[in-house]
Structures are given as structure tokens and as C-alpha cells.
Protein chains: 2
Amino acid sequence: MDKQRCIERLEKKGVRVTSIRMLVLDALMRASRTMSLADLETELETVDKSSIFRTLEVFEANHLVHSIDDGTGSMKYEICEGEDSCTVADMHTHFYCEKCHKTYCLKEINAPLVDLPEGFTVHSVNYIIKGICSSCRE
Amino acid sequence: MDKQRCIERLEKKGVRVTSIRMLVLDALMRASRTMSLADLETELETVDKSSIFRTLEVFEANHLVHSIDDGTGSMKYEICEGEDSCTVADMHTHFYCEKCHKTYCLKEINAPLVDLPEGFTVHSVNYIIKGICSSCRE
DNA sequence: CTGCCTGCCGCAACCGGGTTGCATTTGTCC
DNA sequence: GGACAAATGCAACCCGGTTGCGGCAGGCAG
């Protein structure tokens, strides 16, 4: 685990450093894709799910992670790339594979933004494509 | 209630006509926006939620309605416009108001479709914008 | 008409993800 | 060290969705 890097990141956002926060942050940093609360629970056997849940709350409030609802019924969490907070323009596309049930981050593809009717204010955008991923179709 | 219209729609899809199916279909046809299972439960006081649930399953399987996950934790249902099944190209944008908690169908705005990396097959697209709707910002 | 069979429906119980209340532990500051 | 605040673990709860099962209704055969 890259202890130093975790501590830096936490301190940079003014989040108090604790052992659990290190564990959760590290797991998310190592993950190549999004993780659900259940994923984290499995990986961090010793940690209670409510602690993970509250940790994620804190992380999200401090723009360390953002959450994605991929429509599977369980929220996915992903570490924020930029050092600063994620804006609407930064939101990227996610792809949910209906076969292997993984949610991919297509970081290189920004979520498209359509024009809204008069009077609508945008806070966030959620763009999920469902289908079969490249490794599942053989 | 436009009884005749309901019967037509059901028969056209080969769905057996029952009183409950009429009620659910009618409620959805009258709705100007998406409805959740809970919304339907409230509107159709006399009908059990499991019956509504199973009715919606049948409707969805027969392309009478489609479901949208707006990220609020409760699925929304919306009557299919076209007489035939909804394709990816037909999917339109939805807008969730964080103040009044309603999900709007922006029928005139098709969901954008981005290019995916090699090997990914698209089945469906979910495009939700969250923010404040025009009637909530005064 | 009668009986059978299939599908629809209501009830109650269940499930899983998320959330909360509360007591305990940990950490910080003086 | 002591006091106070924050973080954590545990257990219970909540809510939307889902299922098992028994009862009912409607269509069809005899």
C-alpha cells in the first residue's frame, strides 16, 4: 500500500487520517474499476460496512471519490482523478456489462451534455451504457 | 378512463386484458411523467403492490412500458410512445429535479450516443441529468 | 352445465443495499 | 493525564423490490 500517497491525498482535502480511511482509499486507488460498498466490504474483511459507508460519505463530501449509479441497484464508487473537485464537464461515460456485471469507467469519453429547455439548471449528469464488454464477447 | 384505447393497446401486444392491467395502463397513460411503483400503489389504492409489480413486468416484456433508473433508488416506469418496441435510438433524456423529486421525460431530446471502444456492444443507454427544474427555481 | 386447467391476483414473508442509534474506542488538544 | 470530539462497530431498522403460495376467475373440453 502506498501509505504516503494516501496520507497526502487525505490531508490535501482536510480529511482526518485514520487507519480505516487509509484502507478504503487504498482499495479504491488500486481498483482498476468502480467498486461497490459490497466489493469494499469483501476486500476489507475486518471493517464494518457502516464504517465503510460513512467513510465513503466523508470522501464524497470532500471530493475524494464520486459515486455512480449504474442501475444495478448498488452504488459504485470511484476515486476522483483530478486533484480538485469533479465538475459536470469531468463526468465520464460508464459502461455496464450485462454478462460479467462489471462497471467500466471509460475515462477517455466525456459524458455528452445536451441542451436543456429554458429554466432547467444542471447539477450533474449520469450517462450509463449497458451491453456486452469486449472481454465477454468471444 | 379511455377503456377502449387500453383494450386496443393490450390486445395489440397480445397481452390478456384484465381489470388490473387496465387500471395500471390507464394510470400510466394519463401520467404526464414517469411513475414509480409507489406512485402507482398510491394511485391505485385497491391494488396490491405485487400485482402492480407483476403487471409492470408483463408490460415491459411486451414493450408496453419501459423502465428508467433515475438514480433515486426507485425505478420509474413510462409508457412507450411508439406502437412498436423502443430501440436504443428512441431512448430520450430524463431530468431529475433534486428539489421536487420528480423525474421528467424530455421526449424531444434523444439520448446522445457516444462511440465506444472496439468490442463493446450496446444494448441500452441511460441518460439522466440532475438539477433543478424550471418550476422549482423561482 | 360441469369440471378442469391455466393464468391472475392478494397476502405475507423475505431479501439486499443502504442507513441510523447508540455505546465504545480512538485521537487530539490542552 | 484528562476532557472533549470524532471515528468506529454492532445491531437494528428502513424501503423498494421480489417471491412462494393459496385462492379465485375465466376460458375451454366434455
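**Notes on the A/B interface**

1. To start with the basics, 33 residues of chain A are in contact with 33 residues of chain B. Keep in mind that this is a predicted model.

2. How much area is buried between chain A and chain B? It comes to about 2700 Å², and carbon and sulfur atoms give 61% of that. On the chain A side, the residues losing the most area to chain B are Val114(A), Phe120(A) and Tyr127(A); together they account for 19% of what that side buries.

3. Now for where the chain A side comes from. Three elements each give two or more residues to the side touching chain B: strand 4 (92-97), strand 5 (103-110) and strand 6 (121-132) of chain A. Strand 6 of chain A has the largest share, with twelve residues. By residue type, the side of chain A that touches chain B splits into 16 nonpolar, ten polar and seven charged.

4. Strand 6 turns up again in the pairing across the two chains. Strand 6 of chain A and strand 6 of chain B (residues 121-132) run antiparallel, and eleven bridges join them. If you want a spot to look at in the model, take Lys130(A): its bridge partner in strand 6 of chain B is Ser124(B).

5. What about salt bridges between chain A and chain B? The count is zero, although seven residues on the side of chain A that touches chain B are charged. Polar contacts do show up: ten residue pairs between chain A and chain B are in polar contact, counting pairs with both residues at pLDDT 80 or more.

Notes:
Residues are numbered from 1 along each chain as its sequence is written. Chains are lettered from A and ligands numbered from 1 in the order in which they are written. This is a predicted model: local features need pLDDT of at least 70, side-chain atom pairs count only at pLDDT 80 or more; totals for chains, interfaces and linings use all residues. Side-chain values use heavy atoms; hydrogens and water are left out. Contact means heavy atoms within 4.5 Å. Buried area is the accessible area (1.4 Å probe) that two parts lose on being put together, summed over both. A salt bridge is a side-chain nitrogen of Lys or Arg within 4 Å of a carboxyl oxygen of Asp or Glu. A polar contact is a pair of N or O atoms within 3.5 Å; within protein, one must be able to donate a hydrogen and the other to accept it, and residues adjacent in sequence count only if both atoms are side-chain atoms. Helices (H or I, at least four residues) and strands (E, at least two) are DSSP runs, numbered from the N terminus. Ala, Val, Leu, Ile, Met, Phe, Trp, Tyr, Cys and Pro count as nonpolar, Asp, Glu, Lys and Arg as charged, and the others, Gly among them, as polar. Two strands pair if DSSP finds at least two bridges between them.
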